[in-house]
Amino acid sequence: MMMTVSTSPGRPVTAEQEAAVRPLAPGNSQRMDAAESGMRRRKQRCSAVCCGVATAIVITVAAAVLVVLAFTVFRVRDPKIRMESIQIDGLSSLTAANPVDSNLNVTLSAGLAVKNPNAVSFKFDRTTTSLVYDGRVVGEAEAPPGNARARRTMTLTVTVNVMVRDLLAGAPSLSRDLIARRMPASMSTTIHGRAKVLIIKKSVTVRMNCSMVLNLSSQDIDDLDCNKKVSLRF
């Protein structure tokens, strides 16, 4: 049997209607707010974790790609240097019969080819070249700084002015060599440079030592033999 409650004359109200209009208990509202707040916090934590994981994956992949490129396509390779040509002027005045004048002008010109096999440019400082005779440095020269472009070969021309006074200091050997018309000598060239690949910087030092014989009869260079050494450091 349905119970009715009368709140005013002529309008009966059922028990269900009375329960529907009755306000919620304070405890139920607080529990719902706490549940919604907890759900929001869980979503925020999940978003933060997902974002952190995605960022870590991107950084790891990018680092792996950089490492692979650094050791393959962009790996720093040794620059190559070779002697293209060498010529000496003023040898015709050097004879055993005629005294050597200290004002004599003797020059040695060398053409050096520097090949850069890297995918980036190779910047180098001043190139120094020394001419050695009988254990003494008898001539020095410097070439200006330069830039060898990627996978290109550039040519340097170095002119060494022979210091005749230092040449005369080795008179015993000089007299013997003038009679034989052959003067053994050596030339050393040093190039300091830098190569930067992505975030990797390397300092490069290239050294070339050449032994030779100055032929006074043909005014030419005989028995030219060059050895090269390349040093890399971070």
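**Exercise 1. Asn-116 and its polar partner**

Find the backbone atom that lies 3.3 Å from a polar atom of the Asn-116 side chain.

*Solution.*
Step 1. Start at the side chain of Asn-116 in this predicted model. One of its polar atoms lies 3.3 Å from the backbone oxygen of Arg-149. The cut-off for a polar contact is 3.5 Å.

Step 2. Place the residue. Asn-116 belongs to strand β4, which covers residues 106-116.

Step 3. Check the cover. Asn-116 counts as buried because its relative accessibility is 0%.

Step 4. List the neighbours, leaving out residues up to four places away in sequence. Asn-116 touches Ser-121, Phe-122, Ala-148, Arg-149, Ala-150, Arg-151 and Arg-152. Arg-149, whose backbone oxygen appeared in step 1, is on this list.

**Exercise 2. Aromatic rings**

Phe-122 is one of the residues that Asn-116 touches. Search the whole structure for aromatic pairs and say how many there are.

*Solution.*
Step 1. The search of the whole structure returns one aromatic pair. Phe-122 and Phe-124 form this pair, with 6.0 Å from centre to centre.

Step 2. Classify the geometry. The planes make an angle of 35°. Stacked requires under 30 degrees and edge-to-face over 60, so this pair is tilted.

Step 3. Ask about burial. Both Phe-122 and Phe-124 are buried.

**Exercise 3. The nonpolar core**

Describe the largest nonpolar core: how many residues does it have, and which have the most contacts inside it?

*Solution.*
Step 1. Recall the background. Nonpolar side chains tend to be buried together in soluble globular proteins.

Step 2. Count. The largest nonpolar core has 39 residues. Leu-108 and Met-212 have the most contacts inside it.

Step 3. Find the main contributor. Strand β11, residues 200-215, gives the most to this core, with six residues.

Step 4. Look around Met-212, leaving aside neighbours within four places in sequence. Met-212 is in contact with Ile-86, Leu-108, Met-183, Pro-184, Ala-185, Ser-186, Met-187, Ile-221, Asp-222, Asp-223 and Leu-224. Leu-108 is thus named twice: as a contact of Met-212, and as a residue with the most contacts inside the core.

**Exercise 4. The disulfide**

Locate the disulfide and determine its handedness.

*Solution.*
Step 1. Search the whole structure. One disulfide is found. Cys-210 and Cys-226 form it, with sulfur atoms 2.0 Å apart.

Step 2. Place both ends. Cys-210 sits in strand β11 and Cys-226 in strand β12, 16 residues apart. The pair links distant parts of the chain.

Step 3. Read the torsion. The torsion about the S-S bond is about 110°, so the disulfide is right-handed.

Step 4. Compare the surroundings. Cys-210 has a relative accessible area of 2%, so this residue is buried. Cys-226 has 22%, so this one is partly exposed. The cut-off for buried is under 20%.

**Exercise 5. Between β11 and β12**

Decide whether Leu-216 is buried or exposed.

*Solution.*
Step 1. Place the residue. Leu-216 lies in the loop between β11 and β12, the latter spanning 220-233.

Step 2. Apply the accessibility value. At 1% relative accessibility, Leu-216 is classed as buried.

Step 3. Add a distance. Leu-216 and Ile-88 are 128 residues apart along the chain. Their C-alpha atoms are separated by 10.0 Å.

**Exercise 6. Positive phi angles**

Examine Asp-134 and Arg-181: what is the sign of phi in each?

*Solution.*
Step 1. Read phi for Asp-134. The angle is near 55°, a positive value in a residue other than glycine. For Arg-181, phi is near 65°, also positive in a residue other than glycine.

Step 2. Place them. Asp-134 is in the loop between β6 (127-133) and β7 (136-143). Arg-181 is in the loop between α4 (171-180) and β10 (182-197).

Step 3. Check exposure. Asp-134 has a relative accessible area of 39% and is partly exposed. Arg-181 counts as partly exposed at 23%.

**Exercise 7. Thr-190 in strand β10**

Thr-190 is in strand β10. Which residues does Thr-190 touch, not counting those up to four places away in sequence?

*Solution.*
Step 1. List them. Thr-190 touches Arg-126, Thr-127, Thr-128, Thr-205, Val-206 and Arg-207.

Step 2. Classify Thr-190. Its relative accessibility is 18%, so Thr-190 counts as buried.

**Exercise 8. The whole chain**

Summarise the fold in numbers: how many helices and strands does the protein chain have?

*Solution.*
Step 1. The protein chain has four helices and twelve strands.

Step 2. Of its 234 residues, 30% count as buried.

Step 3. Take contacts between residues at least 6 apart in sequence. Of these, 66% join residues at least 24 apart.

Step 4. The accessible surface comes to about 14,900 Å². Carbon and sulfur atoms hold 56% of that.

Definitions and conventions. Residues numbered from 1 in each chain as written. Predicted model: local features only at pLDDT ≥ 70, side-chain atom pairs only at ≥ 80, totals over all residues. Heavy atoms only, no water. Helix = DSSP H or I, 4+ residues; strand = E, 2+ residues; numbered from the N terminus. Buried < 20%, exposed > 50% of the residue type's maximum accessible area, 1.4 Å probe, protein only. Polar contact = N/O pair within 3.5 Å; in protein donor to acceptor, adjacent residues only side chain to side chain. Contact = heavy atoms within 4.5 Å. Phe/Tyr/Trp six-rings, centres within 6.5 Å; stacked < 30°, edge-to-face > 60°. Core = buried A, V, L, I, M, F, W, Y, C linked by side-chain atoms within 4.5 Å. Disulfide = S-S within 2.5 Å. Areas by Shrake-Rupley, 256 points an atom, 1.4 Å probe, with all protein chains shown as cover.
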